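Biologist: I am new to this structure and would like a close look at a single part of it. Could you take me through one strand and describe what surrounds it?

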Amino acid sequence: MNMNDPLGDMLTRIRNSQLRGKSTVRSPSSKLRAWVLDVLQAEGYIRGYEEVTTEAGHTELEISLKYFEGQPVIRELARVSKPGRRVYAGAKEIPQVRQGLGVSIVSTPKGVMSDANARNANVGGEVLCTVF
């Protein structure tokens, strides 16, 4: 599998696992992935995650997915900025997702945060993905 986009890979794993009704999904560990998961957890889209070590000694993130009345809480998870086409936005241009019902996750100089927090902190950055 082509791993030029580790974050996109993790988002796809989350989407696929939810379609199959799985309670947890694993993804190789990285700081960026953990930061994105921190935002997803803070915004209530996942139950949480923990770092686990595989038998081969690699660290993976075990993500606990969240469902509401049998339906995945995350209805849509889309990668915005891709390796081939980076998407940046100033604090004022950060897109709102579904009139504010969803969240854009932005990588800013002050860390990875939700669109609302980035606007409040008045920082822009790379728009990593949107969740609804």
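Modeller: In this predicted model, strand β3 is mostly covered, with 5 of its 7 residues buried. The strand spans residues 59–65 and belongs to an open sheet of 3 strands, whose order is β1-β3-β2 and whose pairing is antiparallel. Because β1 (24–28) and β2 (46–53) stand at the edges, each with a single partner strand, one side of each is left without a neighbour in the sheet. Neighbouring strands here are turned by 25° against each other on average, if direction is ignored.

On one flank, β3 pairs with β2 in the antiparallel sense over 7 bridges; among the partners, glutamate 51 is matched with leucine 61 of β3, and threonine 53 with threonine 59 of β3. These two strands, β2 and β3, form a hairpin with 5 residues between them, and in that turn glycine 57 has a positive phi of about 90°. On the other flank, β3 runs antiparallel to β1, to which 5 bridges join it, and there arginine 26 stands opposite glutamate 62 of β3.

Two helices also lie across this strand. Helix α1, residues 6–19, lies across β1 and β3 and runs at about 165° to β1, while helix α2, residues 31–42, lies across β1, β2 and β3 and runs at about 155° to β2. To draw the picture together, β3 has β1 and β2 on either side in the sheet order, has helix α1 lying across it as well as helix α2, and is itself mostly covered.

Definitions and conventions
Residues are numbered from 1 along each chain as its sequence is written. This is a predicted model: local features need pLDDT of at least 70, side-chain atom pairs count only at pLDDT 80 or more; totals for chains, interfaces and linings use all residues. Side-chain values use heavy atoms; hydrogens and water are left out. Two strands pair if DSSP finds at least two bridges between them. Helices (H or I, at least four residues) and strands (E, at least two) are DSSP runs, numbered from the N terminus. Axes are lines fitted to C-alpha atoms, for helices over the stretch in contact, and angles run from 0 to 180 degrees between N-to-C directions. Contact means heavy atoms within 4.5 Å. Buried means under 20% relative accessible area, exposed over 50%, partly exposed in between (1.4 Å probe, protein chains only).
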